[in-house]
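Ready for some practice in reading a protein structure? Have a look at the sequence and the model below, then work through the exercises one at a time.

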Amino acid sequence: MVVFKKPHALTDVPMHYCPGCTHGIIHRLVAEAIDELGIEGRTVGVASVGCSVMSYDYFNCDMVEAAHGRAPAVATGLKRSMPENIIFTYQGDGDLAAIGTAETVHAASRGENITVIFVNNAIYGMTGGQMAPTSLPGQITQTTPYGRDVTKQGYPVKVCELLSGLDGPTYLERVSVDTPQAVKKAKKAITKAFRNQVEGKGFSLVEVLSTCPTNWGLTPVESLKWCRENMIPYYPLGVYRDKGAEK
Amino acid sequence: MPNVIIDPNSCKGCGLCVSVCPKKIIKMSEDKINKKGMHYAVMTDSQKCIGCTFCALMCPDCVITITKDDEESDGHV
């Protein structure tokens, strides 16, 4: 009896992510959710720009590559023209919270029936570790070598808190993947975000706190610890909106 | 009995599986490297494995497959 194996919705292409990058875990959770709901044949993913730009190679379902930050807008078009299909976007913090803030906020505000997977690793991974809007105060990056100074670079964007101020979103949750227990919780949240769409409930966004060992300058194990000790206190985990449960 | 199958050539050697194993029975290979040039994860004592799947849950590259022997079969999965 197989207890654990690679989900069918992931291809056999080796992922280009650095060793220990939790993108791989989150990809797997998305694929497991697709497998569990049996929606692989009618799912269309929208890949973003950033480290996750190549995710169209890794998912077995159809994928579209959106311009930088525009994944929720592309997903809106796909969902409206093909309402029977399940549309998800997979975006990093540079894509969703920087260049794509407008698209994200408006798609959420309109309550589009799409699923957004937001991977927050507090840094621009693909371009070499510059400060992201989600970098923590005091965090050392390539562009903030003395630490992020909030008087100059401002405060981090907290996406779940930001969107929870809108009436449009149906489901907002922030999860982490720093321990096996957290991974299980993250899987539940991602599956719920997909199930909401299948049931036609509306806009669902799951923010996953992720790691970037290469650009944080830590080993994979140390970076999980850094995520636990620094990111989780600043970005509290939990459900920020669940209209489905309120009714 | 749980059976942990690690694909050595897909492993990137990040060591996350080693860090979460409650029985401390997964180690990185010391003298061998795989096709990627990495030290890969190896199961050292499968008798002690409790089949918790933590290693597989934390593996970013789906390197680990876990099976359990069916009780009614002759031990082969």
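Here are four exercises, each with a worked solution.

This is a predicted model, in which local features need pLDDT of at least 70 and side-chain atom pairs count only at pLDDT 80 or more, while totals for chains, interfaces and linings use all residues. Residues are numbered from 1 along each chain as its sequence is written, chains are lettered from A and ligands numbered from 1 in the order in which they are written, and side-chain values use heavy atoms, with hydrogens and water left out.

**Exercise 1. Describe the interface of chain B and chain A**.

Step 1: Start with the residues in contact (heavy atoms within 4.5 Å). Chain B gives 24 residues and chain A gives 29 residues.

Step 2: Turn to the buried area, which is the accessible area (1.4 Å probe) that two parts lose on being put together, summed over both. For these two chains it is about 2,100 Å², with 69% on carbon and sulfur atoms. On the chain B side, L57(B), M58(B) and C62(B) lose the most area to chain A, together 29% of what that side buries.

Step 3: Look for salt bridges, meaning a side-chain nitrogen of Lys or Arg within 4 Å of a carboxyl oxygen of Asp or Glu. The rule finds 0 of them across this interface.

**Exercise 2. Find where strand β1 of chain A meets chain B**.

Step 1: Helices (H or I, at least four residues) and strands (E, at least two) are DSSP runs, numbered from the N terminus. Two strands pair if DSSP finds at least two bridges between them.

Step 2: Strand β1 (residues 2-4) of chain A is joined to β4(B) by 2 bridges, and the two run antiparallel. Within this pairing, F4(A) has I66(B) as its bridge partner.

**Exercise 3. Work out which way the residues of β6(A) point**.

Step 1: Buried means under 20% relative accessible area, exposed over 50%, and partly exposed in between (1.4 Å probe, protein chains only). In strand β6 (residues 171-176) of chain A, 6 of its 6 residues are buried.

Step 2: In a regular strand the side chains alternate between the two faces of the sheet. Here Y171(A), E173(A) and V175(A) point one way, while L172(A), R174(A) and S176(A) point the other way.

Step 3: Now find the neighbouring strand in the pairing: β6(A) and β7 (residues 204-209) of chain A are parallel, over 6 bridges. V175(A) stands opposite V208(A).

**Exercise 4. Follow some salt bridges in chain A, beginning with E103(A) and R70(A)**.

Step 1: Over all chains, the search finds 16 salt bridges. In one of them, E103(A) and R70(A) meet at 2.8 Å, N to O. E103(A) lies in helix α4 (residues 101-110) and R70(A) in the loop between β3 (62-65) and α2 (71-81), so this pair ties together parts that are 33 residues apart in sequence. E103(A) is buried at 17%, whereas R70(A) is partly exposed at 32%.

Step 2: R80(A) and E112(A) also form a salt bridge, at 2.6 Å, N to O. R80(A) is exposed, with a relative accessible area of 58%, but E112(A) is buried at 6%.

Step 3: Finish with a network of salt bridges, which links R28(A), E32(A), E36(A) and K187(A). E32(A) lies in helix α1 (residues 23-37) of chain A and is buried, with 12% relative accessibility.
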